[in-house]
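The exercises below are to be worked with the sequence and the three-dimensional model at hand. Each task is followed by a solution in steps.

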Amino acid sequence: GNTPGPQQSVEFSYPAEYHFYPPDTVGGLELSAHEAAAGLHARGHAIEVLTCEWRKAGLQEIAPFPVHRVLRYSFPAQYYGHRIRTIPRRIRDAFSNARVGRHNLAIAEQFAKEHAFDVVYVWGFSGVSPAVTLPFSNAGTPIVWHVGDFNLRERMKPHWINRVIYALAGSRWAALERTVDLRRVLANSEFTRKAYIARGFAPESLAVVYRGVSREVLDAPPEPKTQPPVVLMACRITMQKGVEVALRAMRALRALAPELHARLQVVGTGDGPYVDHVRELIGELELGDCVELLGFRQH
C-alpha cells in the first residue's frame with residue numbers, strides 16, 4: 001500500500017469553501033495525492049491514506065480505501081523565506097512544529113505496528129513532520145517522497161537562519177527529522193530536481209515525475225492560441241506561491257511588448273489580508289485593466 005500525507009492547515013483562516021484532503025481540499029496538491037491514490041487503487045493496489053484530523057463536520061469519505069484522519073498540523077516555519085522580520089513568527093512556528101511533530105511521530109509508531117506496507121508514498125509532509133516516516137523505514141519499508149516545492153530540501157538541508165531557528169526549537173528533534181530515508185525522491189520537474197541537487201541531495205536519489213497536467217493533455221494536438229494572449233495562474237493566493245512575481249512579470253511584459261495586450265488571470269483564493277495586499281499591488285502597478293482575480297473555481 002501507499003500512504004500519501006497531504007498538507008492541510010488549521011491555523012490559517014481560509015474561506016468557508018476551503019477544505020483539505022478530498023472530499024476536503026485546499027489546493028492542487030491534495031487533489032493530486034487523492035488522484036494518485038485512487039489510480040493505484042484502481043490498478044489493484046491496497047491503499048491506505050494517513051492524513052490530518054481536521055475536516056468540516058458532516059462530510060462523507062469519497063475514497064474506496066481507508067482514510068485515517070489522525071495527524072495534527074502546524075503551519076511550517078520555513079514558509080516565510082529568509083527575511084529577518086519574519087524571524088519571530090518562524091521561531092514561534094518552529095516550536096509548534098516540533099510539538100506537533102512529536103505527537104504525530106507517536107501516532108505513526110502505533111500506526112506502523114498495526115499496518116504493514118510495501119511502500120510509503122509521502123505527499124505534502126510540511127506541517128506534519130517528515131519524522132512520521134521513521135517508524136516505517138525503521139521496519140524496512142521503502143519511503144518515496146513526492147516533491148513539488150522546496151519544503152523537503154529546506155527541512156533536510158536548511159538555510160543557516162532556519163538551521164538556527166530549528167535548533168532553538170529543539171536541536172535533537174531537528175537532528176532526528178534529518179535521519180529520514182531520502183534515497184527515493186520524485187521531483188515534479190527537472191528544475192526542482194536540479195535545485196535539490198544544488199543543496200546537496202544525491203543525484204542518484206532523485207527522479208522526475210511530472211504532475212499538474214494529465215498525459216492526455218500533453219499528447220493532445222495543439223489548439224489555436226487565445227488572442228490576445230492570456231496567462232493563467234491557478235494557486236492559493238499566499239506569499240509563497242509567487243503571485244507578486246507574476247504581477248511584476250506582467251508589468252515588465254507590458255513595457256517590453258505593449259502590442260501583445262497580454263492578460264493575467266489568477267484562479268484561487270487565500271488568506272484575506274494577503275489577497276487584499278495583492279489587490280493593492282495590482283493598483284500600484286497599474287495593471288487593473290489586464291489582471292483578473294477570478295476567485296475559487298472547481299478543479
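The exercises treat salt bridges, a sheet, a helix pair and a loop residue in turn.

The model is predicted: local features need pLDDT of at least 70, side-chain atom pairs count only at pLDDT 80 or more, and totals for chains, interfaces and linings use all residues. Residues are numbered from 1 along each chain as its sequence is written, and side-chain values use heavy atoms, with hydrogens and water left out.

**Exercise 1. Salt bridges**

Determine which residues are joined with Asp-93 into one network by salt bridges that share partners.

Step 1. A salt bridge requires a side-chain nitrogen of Lys or Arg within 4 Å of a carboxyl oxygen of Asp or Glu. The structure holds nine of them.

Step 2. Asp-93 meets Arg-89 at 3.2 Å, N to O, and Arg-92 at 3.5 Å. Arg-89 and Asp-93 stand four residues apart in helix α2 (residues 87-114), and so about one helical turn separates them. Helices (H or I, at least four residues) and strands (E, at least two) are DSSP runs numbered from the N terminus.

Step 3. Classify the burial of the partners: buried means under 20% relative accessible area, exposed over 50%, and partly exposed in between (1.4 Å probe, protein chains only). Asp-93 is buried at 2%, whereas Arg-89 is partly exposed at 28%.

Step 4. For a further pair, take Asp-181 and Arg-183, bridged at 3.0 Å, N to O. Here Asp-181 is buried at 11% and Arg-183 is exposed at 57%.

Step 5. Shared partners thus link Arg-89, Arg-92 and Asp-93 into one network.

**Exercise 2. The sheet**

Establish the strand order of the open sheet and identify its edge strands.

Step 1. Two strands pair if DSSP finds at least two bridges between them. The four strands follow the order β3-β4-β5-β6, with parallel pairing.

Step 2. β3 (120-123) and β6 (206-208) each pair on one side only, which makes them the edge strands. From one strand to the next, the twist averages 25 degrees.

Step 3. β5 (residues 185-187) pairs with β6 over three bridges; Leu-186 has Ala-207 as its bridge partner in β6.

Step 4. Helix α6 (residues 190-198) packs on this sheet, in contact (heavy atoms within 4.5 Å) with β4 (143-147), β5 and β6. The directions of α6 and β6 make about 170 degrees. Axes are lines fitted to C-alpha atoms, for helices over the stretch in contact, and angles run from 0 to 180 degrees between N-to-C directions.

**Exercise 3. A helix pair**

Describe how α8 packs with α9.

Step 1. Helix α8 (residues 243-256) and helix α9 (residues 272-284) have axes 11 Å apart, at an angle of about 10 degrees. The two helices are therefore roughly parallel, a term for angles under 35 degrees.

Step 2. Residues of α8 in the contact include Leu-247 and Arg-251, while those of α9 include Tyr-274 and Leu-281.

**Exercise 4. A loop residue**

Is Thr-141 buried or exposed?

Step 1. Thr-141 belongs to the loop between α3 (134-138) and β4.

Step 2. Its relative accessible area is 10%, so Thr-141 is buried.

Step 3. Leaving aside residues up to four places away in sequence, Thr-141 touches Phe-117, Asp-118, Val-119, Val-120 and Phe-136.

How values were computed: Angles under 35 degrees count as roughly parallel, over 145 as roughly antiparallel, 65 to 115 as roughly perpendicular and the rest as oblique.
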